Amino acid sequence: MAPLNYKPINKVTINHHRHPVPLARHPVLDTGSRSTRSVQSPKHTADSTVKPRNNTKQSQTKTQQKAFTLIEVLIALVILAIALLAIVKVMGDSIRGLEAVKERTIAHWIANDTINNAQLGLISSPTPDSPEQSSTTMLNNTWYVNVSAKETANKYSQQVKVTMSLKQDAKPLWTEYGFIGVGS
């Protein structure tokens, strides 16, 4: 903007300005009797307004809008802690479920192997009068195997029941049924 060339009538020095500003053209003190264009001082622009310096209500509102309060941060941390605890619980349940599936799979495998060995004659066939009990070690666990036989309508076959457990005299973890041939 090009500087205005005019002769000031009265010069007044105002405390917050470095340079004297003509009284008639001062942005705050101008009464509006002359032209609406005013001289700009180094700290003011033509359309700037003077704002109160110590408006505490206004400064508190700005601070509250820009920052989180301690209560908001604590509530967020509590919600995060609850969510993390839920995730840990779900992970623990998942691991326990995976272990149970692993045990049932191994029990099924051993029971099938026992029935197959009895069908092939690799182990002694149980009789309906005398169930057999044995133990075997598979994947670092000792498995207790109970084999019992039952007569069927066909005189050349028997039904074999194999129960598997991790503890002796405990509730069976797995039960498998099969048929074997007897006599000739």
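Reader: What percentage of the 184 residues in the protein is made up of buried residues?

Author: Good place to begin! This is a predicted model, and in it buried residues make up 17% of the 184 residues. The accessible surface comes to about 14700 Å², and 57% of that belongs to carbon and sulfur atoms.

Reader: Which elements should I look for, and in what pattern do they follow along the sequence?

Author: Look for two helices and six strands. Along the sequence they follow the pattern β-β-α-α-β-β-β-β. As for contacts between residues at least 6 apart in sequence, 35% join residues at least 24 apart.

Reader: Let's take the sheet, then. What is the order of its four strands?

Author: First the general idea: strands of a sheet pair through backbone hydrogen bonds, either parallel or antiparallel. Here you have an open sheet with the order β3-β4-β5-β6, and the pairing is antiparallel. β3 (132–138) and β6 (174–181) stand at the edges with a single partner strand each, so one side of each has no neighbour in the sheet. On average, neighbouring strands of this sheet are turned by 25° against each other, direction ignored.

Reader: How many bridges join β3 to β4?

Author: Seven bridges join these two antiparallel strands. To see one pair on your screen, pick Thr136, whose bridge partner in β4 is Trp143. At the other edge, β5 (residues 157–165) and β6 pair in the antiparallel sense over eight bridges. There, Lys161 stands opposite Tyr177 in β6.

Reader: And what about the loops? Which residue in the turn between β3 and β4 has a positive phi?

Author: That is Leu139, with a phi of about 50° in the turn. The hairpin formed by β3 and β4 has two residues between the strands. For a second case, go to the loop between β5 and β6, where you will find Asp169. Phi of Asp169 is near 65°, again a positive value in a residue other than glycine.

Reader: Is Asp169 buried or exposed?

Author: Exposed: its relative accessible area is 77%, and the cut-off for calling a residue exposed is over 50%.

Reader: Now the helix. How many residues does α2 have, and how far does α2 reach?

Author: α2 has 51 residues and reaches 75 Å from its first C-alpha to its last, which is close to the 75 Å expected at 1.5 Å a residue. Just after α2 comes Gly121, with a positive phi of about 80°. Helix α2 (residues 70–120) lies across β3, β4 (141–151), β5 and β6, and runs at about 15° to β6.

Reader: Which residues of α2 are buried?

Author: A general idea helps here too: an α-helix has 3.6 residues a turn, so residues three or four places apart point the same way. In this helix, the buried residues are Ile106, Ala107, Ile110, Ala111, Thr114, Ile115, Asn117 and Ala118. Their cover includes β3, β4, β5 and β6.

Reader: Thr114 catches my eye in that list. What is Thr114 in contact with, leaving aside its neighbours within four places in sequence?

Author: Thr114 is in contact with Ile123, Val145, Val147 and Val162. At 13% relative accessibility, Thr114 falls under the 20% cut-off and so counts as buried.

Reader: Which residues have the most contacts inside the largest nonpolar core?

Author: In general, nonpolar side chains in soluble globular proteins tend to be buried together. The largest nonpolar core here has 13 residues, and those with the most contacts inside it are Ile110, Trp143, Val145, Val147, Val160, Val162 and Met164. At least two residues of this core come from each of α2, β4 and β5. The largest share, six residues, is supplied by α2.

Reader: Could we finish with Val145? Where is the place of Val145?

Author: Val145 is in strand β4, and with a relative accessible area of 3% it is buried. Not counting residues up to four places away in sequence, Val145 touches several residues, among them Ile110, Thr114, Thr136, Val162 and Met164. Val147 has its own set of contacts under that sequence limit, including Thr114, Pro126, Pro131, Val160 and Val162. For one last look at the fold, Val145 and Leu166 are 21 residues apart in sequence, and their C-alpha atoms are 9.0 Å apart in space.

Methods. Residues are numbered from 1 along each chain as its sequence is written. This is a predicted model: local features need pLDDT of at least 70, side-chain atom pairs count only at pLDDT 80 or more; totals for chains, interfaces and linings use all residues. Side-chain values use heavy atoms; hydrogens and water are left out. Two strands pair if DSSP finds at least two bridges between them. Axes are lines fitted to C-alpha atoms, for helices over the stretch in contact, and angles run from 0 to 180 degrees between N-to-C directions. Contact means heavy atoms within 4.5 Å. Buried means under 20% relative accessible area, exposed over 50%, partly exposed in between (1.4 Å probe, protein chains only). Accessible areas come from the Shrake-Rupley method with a 1.4 Å probe; for residues, only the protein chains shown count as cover. A nonpolar core is a set of buried Ala, Val, Leu, Ile, Met, Phe, Trp, Tyr and Cys residues joined through side-chain atoms within 4.5 Å. The expected span of a helix is 1.5 Å times one less than its number of residues.
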